[in-house]
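Reader: I have the sequence and the model open side by side. Can we go through how the sheets and helices fit together?

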Amino acid sequence: MMDILRSSDFFIANTSINLYYYNFPTATMHKHKDFFEIFIITKGIVRHTFNGKTSVMSKRDACIIRPGDCHGFETDPSSTVPTQHMNIRILPSLFEKECNSIGYQLYYYLMSAQSTSFHLSKQQYAQISFWANTLLTSTKPENKNLYITIIAQLMLVFFYDNLDSPFNSFPSWFVKLLSEINNIDFIDKSAKDVYE
């Protein structure tokens, strides 16, 4: 994964998705009004506060921030190296579209989850690194949006893979109902049939 970069290195103006690298030791508490953020720690250790709860995050830890979430971070005193994180900013329409293309109810689960943090395996991080390096070395500006979108898609897939089930918070009767409704046998059934 690339090291020290300027925050503007991957900025592409007037698009629905952007990627930045930040090398700042703190980000004051803030909310996003009209975009989602996916970030991954690429260097150092930070204390991340997310909706009032603080956790320690280090390399390969990631989080999805939704519009309305309040978060901020600071370098953890135990960090022996400067901190850095990759930040992907996505407009809501594209974010929901990407979630829906990945897995059933992923968007709903993300919007209702208490925690949206997850940890990447070495292999997952290597995949993100590959596409980030491809983005950095690309000589075709028209491909940059594609590479950023691929990174965002991978991050959503990895979040989805980290879930035991997207239905963990649902009552068991509701999980069974969703499973039955999505059964191929119900493809031509009416609402009355489903109710029965």
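Author: One term before we start: two strands pair if DSSP finds at least two bridges between them. Also, this is a predicted model.

Reader: Fine. What is the strand order in the open sheet of 4 strands?

Author: The order is 2-7-4-5, and the pairing is antiparallel.

Reader: Which strands stand at the edges there?

Author: Strand 2 (26-31) and strand 5 (53-58). Each has a single partner strand, so one side of each is left without a neighbour in the sheet.

Reader: And how many degrees does the twist average from one strand to the next?

Author: For this sheet the average is 20 degrees.

Reader: How many bridges join strand 4 to strand 5?

Author: There are 6 bridges between strand 4 (residues 45-50) and strand 5, and the two run antiparallel. Within that pair, R47 stands opposite V56 of strand 5.

Reader: Next sheet. What is the order in the one with 5 strands?

Author: That open sheet runs 1-8-3-6-9, with antiparallel pairing. Its edge strands are strand 1 (17-22) and strand 9 (117-119), each pairing on one side only. Neighbouring strands are turned by 20 degrees against each other on average, direction ignored.

Reader: Over how many bridges do strand 3 and strand 6 pair?

Author: Strand 3 (residues 36-43) pairs with strand 6 (residues 61-65) over 4 bridges, in the antiparallel sense. F39 has C63 in strand 6 as its bridge partner.

Reader: Which strands does helix 3 touch when it packs on the sheet?

Author: Helix 3 touches strand 1, strand 3, strand 8 (84-90) and strand 9, and its direction makes about 100 degrees with that of strand 3. Helix 4 packs on the sheet too, touching strand 1, strand 3, strand 6, strand 8 and strand 9. The direction of helix 4 makes about 80 degrees with that of strand 1.

Reader: At what angle do helix 3 and helix 4 pack?

Author: About 170 degrees, with the axes of helix 3 (residues 122-137) and helix 4 (residues 144-162) 9 Å apart. Angles over 145 degrees count as roughly antiparallel, and helix 3 and helix 4 are therefore roughly antiparallel to each other.

Reader: Which residues meet between helix 3 and helix 4?

Author: From helix 3 they include I128, W131 and L135, and from helix 4 they include Y147, I151, L154 and F158. By class, the contact has 11 nonpolar, 3 polar and 2 charged residues. Among the residues of helix 4 in this contact are K144 and D161.

Notes: Residues numbered from 1 in each chain as written. Predicted model: local features only at pLDDT ≥ 70, side-chain atom pairs only at ≥ 80, totals over all residues. Heavy atoms only, no water. Axes fitted to C-alpha atoms, helices over the stretch in contact; angles between N-to-C directions. Parallel < 35°, antiparallel > 145°, perpendicular 65-115°, else oblique. Contact = heavy atoms within 4.5 Å. Nonpolar A, V, L, I, M, F, W, Y, C, P; charged D, E, K, R; others polar.
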